[in-house]
Amino acid sequence: MMKTKTLLATMLAAIFCTQVAAQNDLKPRLVVCTDIAPADVEPDDMESMVRLMAYADCFEIEAIITSVGWNCDPYPVEWAQYLTRVIEAYRQDVPNLMKRSGQEGFLVDPEMGPQPLGYWPSPDYIKSCALMGSIHGGIKAIGEGNDSPGSEKLICLADEDDPRPIYVAAWGGANTLAQAIWRVKQTRSDEEVRRFVRKFRLFTITDQDMKYDMRMDRAYSSHMWLRKDFADDLQFIWDEGAWQEQCELGKQHWTQHQQYIQGKGALGKEYPTYKWGVEGDTPSFLYVMPNGLNDPEDPHQCGWAGYHERGLCADSLTTAWTSWQEPLRSISVGYKRRFYPDELNDFCARMQWAAEGKGNHNPQVVVRVLNGSAVEEPSSVAPLRITAKAGDTIRLDASKSFDPDGDALTFLWWQQPEIGRTTVTIDQPDQPIATVHIPAVAKGDSVHLVCEVHDDGPFHLVAYRRVIIVIK
């Protein structure tokens, strides 16, 4: 069944997705746990939900689970209406958004299977993904009586015959995921539980499985249990830097939000004015954004959600991928500041599509290796991997990159210095073809380069391709 669905998805990619450069690009699987609330209580989830809908062609949205968060324990079930409002706004705007990729209709049953990048799901499909999760927070809530449609859905998703990981973006608490794992533990062997947990990748915006005034009591949260008992099986990113910078940068660029996002289409009309910060939850899915900058399977790779390393957490007990301590925090915040203008411009351009059914497309980055040994990934967004020898000179050619609108392109090649011990020299980093000199002492190391391409159209949109050189 999986093979049939994958074949169908790749065929549909050629029909629907004029911007996809390779037929094997499938969306990443995404689950959102949100404590979405009225704008006068906390508007940032509503803001992030509008952005998510503007990028519904980039993610296979498997579930949107309303659940407990900092300011709502128990979660008021009536607040789920604000999620419904955003979905209904998407219903109004999706005919315009579909024009971005030339899509003329929706799939039916295959929407429940792998979706190709560029496919806009139907509003009814998105509505079917909206579920209630855990309304109570904390480790003490885990157990009998805490099951929910959300936790049951997570179990079903992990049991599907689909090899892709499931990325859980916790805008509030991840109590619903913890409950699903607890439930599986009651009926399955230890190895089966480990296989179940390994299906998930969790990105938490701070730790919100508790009330705000007790947020320093780490042992209260089910997140500590997840990190402690499943340290070797669950990729857990505990973000304590990118989300705060997202809030602050949004406030600094609020005029741009007002001009290009608020009021643009039905979705823009649902985008509220900030109260504390702007879109603090958005980094949780920016981390998974398939734009060629980072592979979410490797949190070392910097991206629109900052930078993280595995280490001791703020509870001084468990380990996870974090950036809460210096110098990592400053590194993560630095990347957030660097990428934010492009990130915001990208969102603004999509809101123009939502409102008008026309606008700018992102360029497409195509990288070839003119000498050396390359292993081309069967994707236009996955990193390009190259094998080279210490002392080699590698020529990388991005001259076949193109812009769907015919806009002129500018290029920038750069190295991410946090990965590996080797610093390479890049000749002509602002040209389509770059020459990379690998030091003779680099044997056994790896180097991560990024080809960053902008167009000169409206909002000067960006695209990336990461190149990983493995040095033999």
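**Local environments, sheet and cavity in the predicted model**

Ile135 is found in the loop that runs between strand E3 and helix H5 (149-159). The description given here rests on a predicted model. With a relative accessibility of 29%, Ile135 counts as partly exposed, since that class lies between the limits of 20% for buried and 50% for exposed residues. Ile135 is separated from Gly172 by 37 residues in sequence, and the C-alpha atoms of the two residues are 11 Å apart in space.

Strand E3, which precedes this loop, belongs to an open sheet of eight strands. The order of the strands across the sheet is E3-E2-E1-E4-E5-E6-E8-E7, and their pairing is mixed. The edges are occupied by strand E3 (130-132) and strand E7 (309-312); each has a single partner strand, so one side of each is left without a neighbour in the sheet. On average, and with direction ignored, neighbouring strands of this sheet are turned by 30 degrees against each other. In general, the strands of a sheet pair through backbone hydrogen bonds, in either a parallel or an antiparallel manner. At the E7 edge, the partner is strand E8 (residues 319-322), which runs antiparallel to E7 and is joined to it by four bridges. Within this part of the sheet, Leu312 stands opposite Thr319 in E8.

Internal space was also examined. A search of the whole structure finds four cavities of 30 Å³ or more. The second largest cavity holds about 50 Å³ of space. Three strands of the sheet described above, E4, E5 and E6, take part in enclosing this space: strand E4 (166-170), strand E5 (200-205) and strand E6 (235-239) each supply at least two residues of the lining. Among the lining residues are Tyr167, Val168 and Ala169, together with Arg201, Leu202 and Phe203, as well as Gln235 and Ile237. The lining also includes Leu30, Ser284, Tyr287 and Val288. By class, nine residues of the lining are nonpolar, two are polar and one is charged.

A further loop lies between strand E13 (409-415) and strand E14 (425-427), and Gln416 is located in it. Gln416 has a relative accessibility of 0% and therefore counts as buried, the limit for that class being under 20%. The side chain of Gln416 makes a polar contact with the side chain of Arg466, at 2.9 Å. The two loop residues thus fall into separate classes of accessibility, with Ile135 partly exposed and Gln416 buried.

Notes: Residues numbered from 1 in each chain as written. Predicted model: local features only at pLDDT ≥ 70, side-chain atom pairs only at ≥ 80, totals over all residues. Heavy atoms only, no water. 1 Å grid on protein atoms, 1.4 Å probe; cavity = no way out; pocket = protein on both sides within 12 Å on 5 of 7 lines; lining within 4 Å. Points joined across faces, edges and corners; volume = space filled by probe spheres on them. Nonpolar A, V, L, I, M, F, W, Y, C, P; charged D, E, K, R; others polar. Pairing = 2+ DSSP bridges. Axes fitted to C-alpha atoms, helices over the stretch in contact; angles between N-to-C directions. Buried < 20%, exposed > 50% of the residue type's maximum accessible area, 1.4 Å probe, protein only. Polar contact = N/O pair within 3.5 Å; in protein donor to acceptor, adjacent residues only side chain to side chain.
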